[in-house]
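User: Got a minute to go through the charged pairs in this one with me? Let me pull it up.
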Amino acid sequence: MGRIIAIDYGSKRVGLAVTDPLQIIASPLDTVHSKDVIQFLKNYDQSEGIESFVLGMPKNLYGKDTNATQQVRQFHNLLKKQFPEKAVYLHDERFTSKMAMDAMIAGGMKKKDRREKGNIDKISASIILQSYLESRGL
């Protein structure tokens, strides 16, 4: 059983989260520049083995596309092209940035560290991944 990687895609930074090998727990992995994310994922796949991807799909309060939705769709196509043998699941990412900030505050993270946008991105990715895992009902 390989790991599942969640991706919180942004035009500058990409937050990544990963499951444990048994696909039970989601943990923040890293934040990488958007131009480097495909190579990072290829390297990670070689060392750890990726079973599938969960890509956060931005929607507004009413379930409609946002300004970022088109970029995420383009990245979705690139991901499928670069990893044709792996499933890519789209998952609603509404409110994950707010939830990530709340989690950092509740966890006692210092204000300086909360200002680091990369921390929000990778924690958002872990929220997306945990939500996906729970939605599977396993």
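Analyst: Sure. Terms up front: buried means under 20% relative accessible area, exposed means over 50%, and partly exposed is in between (1.4 Å probe, protein chains only). This is a predicted model, where local features need pLDDT of at least 70 and side-chain atom pairs count only at pLDDT 80 or more, while totals for chains, interfaces and linings use all residues. Residues are numbered from 1 along each chain as its sequence is written, and side-chain values use heavy atoms, with hydrogens and water left out.

User: OK, how many salt bridges are there?
Analyst: The count is 5, taking a salt bridge as a side-chain nitrogen of Lys or Arg within 4 Å of a carboxyl oxygen of Asp or Glu.

User: What does R13 pair with?
Analyst: D121, with the closest N and O atoms 2.7 Å apart. R13 sits in strand 2 (residues 13–19) and D121 in helix 5 (residues 117–136), so the bridge ties together parts 108 residues apart in sequence. Helices (H or I, at least four residues) and strands (E, at least two) are DSSP runs numbered from the N terminus.

User: Is R13 buried or partly exposed?
Analyst: Partly exposed, at 32% relative accessible area, whereas D121 is buried at 12%.

User: Switching over, which residue does E48 bridge to?
Analyst: R3, at 3.4 Å between the closest N and O atoms. That links helix 1 (residues 37–48) with strand 1 (residues 3–9), 45 residues apart. E48 is partly exposed at 41%, and R3 is buried at 17%.

User: And what about D45?
Analyst: D45 bridges to K86, closest N and O atoms 3.5 Å apart. Salt bridges with shared partners join D45, E85 and K86 into one network. K86 is buried, at 14%.
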